[in-house]
Amino acid sequence: MRTTQLYRDAVARLPASLRSAASKLLGRPSARYAILALAALAVIIVAMTQMASVIVDQWSQRDVELRARLVFRSVGERVMLGLAAKPEADLQPFFEQLAEDERLLALGYCNPKGQLLYATKSMPDDAHCPPPPLPKVDTFEVIRGHGAPISLAVFPLSTKEDEGSLLVVHDLSFVEKRTREAEFYMALALVGVAAGLGLLATAIVLALLRGWTQSLRAAIANFGPGRAGYSGARQAELPIGRDIEAMLSELRLERRYTDGIHVEWSPKTLHQLLDQELPGAQVIVVSNREPYIHNRVDGRVVLQTPASGLVSALEPVMRACGGVWVAHGSGSADRDTVDKRDRVAVPPANPAYALRRVWLTDEEQDGYYYGLANEGLWPLCHIAFVRPTFREKDWAYYAAVNRRFADVVVEEADRDDPIVLVQDYQFAMLPRMLRSRLPRATIIAFWHIPWPNPETFGICPWREQIIDGLLGSSILGFHTQFHCNNFIEAVDRFMESRIDRERSSVTLAGHETLIRPYPISIEWPPAALERQAPPKECREAVKTRFSLPADARIAVGVERFDYTKGILDRMRAVDALLEHHPEWRGKLVFIQAAAPTRSKLNTYKGLQAEAIREAEAINARWGHGSYKPILLQIRHHEPSEVFELFRAADLCVVSSLHDGMNLVAKEFVASRDDEQGVLVLSSFAGASRELSEALIVNPYDTHGMSETIDAALRMDPSVQRERMREMRELVRQRNVYRWAAQMLLDAARLRRRESIGYTAAA
Ligand code: G6P
């Protein structure tokens, strides 16, 4: 029968509960091998103990025979003399005396007729005289009768008259005891030897494994460009060769790229990534908005951190990576704070990188920034029903300013292959310009705003030039896959190029650009959280500042005063809430912090004026005495003030009509280390794809949004905690260092492939 059949039969005999566990166990090859080994060991033990018992048995019998002979030799003569004496001596007392020996059970004399005479009292019933004629030679017999086993030795005795026999009987029960002991010790010895061998084998295997693991660790630690011990010679010394190194190196990139959740991304890990994957690379960031603005206020230089999602995301990354950040110097005291190369070390308190300022004339700003970027591309890419305006003159300025920034980047590059991170819609032409001047550069362009569908994008008179400019990049990033798809569709519609949808790449004139989603985020923990008071104190401070009643419920909104943010829509939702839920009148206060932005443009000026009117109307409708439901704060707020507001709030409303990501939503979540507060979030903000525990709203649905605000105000603290905890964990893990790391890892991979002659066409 085959072994597997035996297993099956054995399993079938078990109770049902054990059967499933047993069949699972027996299903494993390792379990089968173990059972086979144990069975073999059992067979060996049984065989060896049997052998030991036979040997002990035979040896004991021989021992008894020898003893019987000894007795016969010692007493035979005397017995014969006694028998020959006249009258015949009584041998009984003599026999009884001899039988006192421990093992000698009994003695007796058989006359020639085979009758037992002079037998000791201890003579067992099983002992008997041989039938006449009596044997002439010594005989030995083991008798296992009714009592204990005995050895019966019969020795011939010859006197002048008679020929009798001496019976010597030994007790054999000690043999059985000795045999059992021998079996026990043999089994014990075998188990001991097997265990010893098993331990020895385990020790050898562990030692081998340890050596192998050490080799592998050494390979991981010492191989790979950028590793301290990396060298071809080292590689040859170790037992793991070139193939494993190649695999490890690929795995390292793959794992981090696809599974960044396992890496705790922080300034430190980002820095390590640069050291290990891009050793010695120069990083240059280009954006329109600068991270630090120096303004002159009342004759004093005041430092300002701009309200910009782009800046709040990139600034911590640059603090971690170092390098140069090229940006428009827009502050009134910017020129006074740079060196002769137009550079200033920032952050001013603890410099980590260089800010290179680029100066623009008012005409350039009007054409490139206000005109093409903010009256053309901004409304083109955001579906907020504001008509884009395209002017030929603006386009010319846009191209010229892009060229100016290209000149500055080339000037700042201290090698021919820097990593240039081009930021946003103000620089669509820059990647192509840089590609022609720094062909070996790794250019990563990131589009921080949505990319529209091809029909919408098609209305832009310079659609081909914009796409062509962006395709000068090595990698082009968007916040979401949806925006990547829209871009590829636009390429398909308007350009002669090769699209590889599987790789998500576009090849134009032999150059391949990868199109990738990188959801942007914020630093974790946010710097603005550092000196914050506990939420309870923030709440008290905010109530005091705005003279709010003790039982006031606070809703907040924080953004630039931009028409894409849905500021009017959320004020209308508050209006509807107060109309349909009178219980909130006198209690709910909505604080809107709105930073003026692009105020030169009519659409922005108009929005601001309309918002003021709307707030006044709502306050007139529902306010009384000192109570105003809408508190509109039109001014720049520093991050610490924003965080205090967030921490004081019962809820935060982010009602963008269209938004690439929206970092306010993530900042609100990051600010609530008390795990309280509700986020009301527009489904048209990229952030809603990640923060699904927020209350998701359609900002165009005023009634729906007002009901959601009502639900947020009534939400149980335990539910708030549950939702907030989930969102905080997500933002913690997917922080901005991870965002940058993903791009840099892709850049590293690209550079490796290029360095070994990889081309997309191959
Ligand atoms: C959006 C854009 C950024 C810009 C920010 C502030 O987030 O994507 O590029 O920095 O708005 O706009 P501003 O025009 O004030 O720089």
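Colleague: How should I read the contact of R289 with the ligand, and what distance separates a polar side-chain atom of R289 from an oxygen atom of the ligand?

Modeller: The model is predicted. A polar contact is a pair of N or O atoms within 3.5 Å. In this case a polar side-chain atom of R289 lies 2.9 Å from a ligand oxygen atom.

Colleague: At what distances from an oxygen atom of the ligand are the polar side-chain atoms of Y369 and R598?

Modeller: For Y369, an N or O atom of the side chain is 2.4 Å from an oxygen atom of the ligand. For R598, the corresponding value for a polar side-chain atom is 2.8 Å.

Colleague: What percentage of the area that the ligand exposes when taken alone does the protein bury?

Modeller: The ligand alone exposes 370 Å², and 91% of this area is buried by the protein.

Colleague: Which residues around the ligand come nearest, and how is the shell divided by class?

Modeller: There are 13 residues around the ligand, of which R289, S308, Y369, D424 and R598 come nearest. By class, the shell comprises five nonpolar, four polar and four charged residues.

Colleague: Let us turn to charge pairs. How many salt bridges does the structure hold, and which residue pairs with D336?

Modeller: In general, side chains of opposite charge can pair when their charged atoms come close. The structure holds 49 salt bridges. In one of them, D336 is paired with R296, and their closest N and O atoms are 2.7 Å apart. This pair links distant parts of the chain, 40 residues apart. D336 is in the loop between strand 9 (324-328) and strand 10 (343-346), whereas R296 is in strand 7 (residues 293-297).

Colleague: How many disulfides are there, and which cysteines take part?

Modeller: The cut-off for a disulfide is a pair of cysteine sulfur atoms within 2.5 Å. The structure holds one, formed by C110 and C129 with their sulfur atoms 2.0 Å apart. The angle about the S-S bond is -90°, and the link is left-handed. The disulfide also joins distant parts of the chain, its cysteines being 19 residues apart. C110 belongs to strand 1 (residues 104-110), and C129 to the loop between strand 2 (116-117) and strand 3 (139-143).

Colleague: What is to be noted in the backbone at the peptide bonds from P132 to P133 and from V346 to P347?

Modeller: The bond from P132 to P133 is cis, with omega near -10°. P133 is in the loop between strand 2 and strand 3. The bond from V346 to P347 is likewise cis, its omega near -10°, and P347 lies in the loop between strand 10 and strand 11 (353-358).

Colleague: And what values does phi take at D342 and at S504?

Modeller: D342 has phi near 60°, a positive value in a residue other than glycine. This residue is found in the loop between strand 9 and strand 10. S504, also a residue other than glycine, has a positive phi near 55°, and S504 lies in the loop between strand 15 (498-500) and strand 16 (505-508).

Colleague: Finally, the surface. Which residues make the nonpolar patch of about 510 Å²?

Modeller: The nonpolar surface patch is made by V193, L197, L200, I204 and L208. V193 lies in helix 5, which spans residues 173-222.

Terms used: Residues are numbered from 1 along each chain as its sequence is written. This is a predicted model: local features need pLDDT of at least 70, side-chain atom pairs count only at pLDDT 80 or more; totals for chains, interfaces and linings use all residues. Side-chain values use heavy atoms; hydrogens and water are left out. Patches are made of residues with over 30% relative accessible area and no salt bridge: like charges are joined within 9 Å, nonpolar side chains (Val, Leu, Ile, Met, Phe, Trp, Tyr) within 5 Å. Accessible areas come from the Shrake-Rupley method with a 1.4 Å probe; for residues, only the protein chains shown count as cover. A salt bridge is a side-chain nitrogen of Lys or Arg within 4 Å of a carboxyl oxygen of Asp or Glu. Helices (H or I, at least four residues) and strands (E, at least two) are DSSP runs, numbered from the N terminus. A residue is near a molecule or strand if one of its heavy atoms lies within 4 Å of it. A polar contact is a pair of N or O atoms within 3.5 Å; within protein, one must be able to donate a hydrogen and the other to accept it, and residues adjacent in sequence count only if both atoms are side-chain atoms. Ala, Val, Leu, Ile, Met, Phe, Trp, Tyr, Cys and Pro count as nonpolar, Asp, Glu, Lys and Arg as charged, and the others, Gly among them, as polar.
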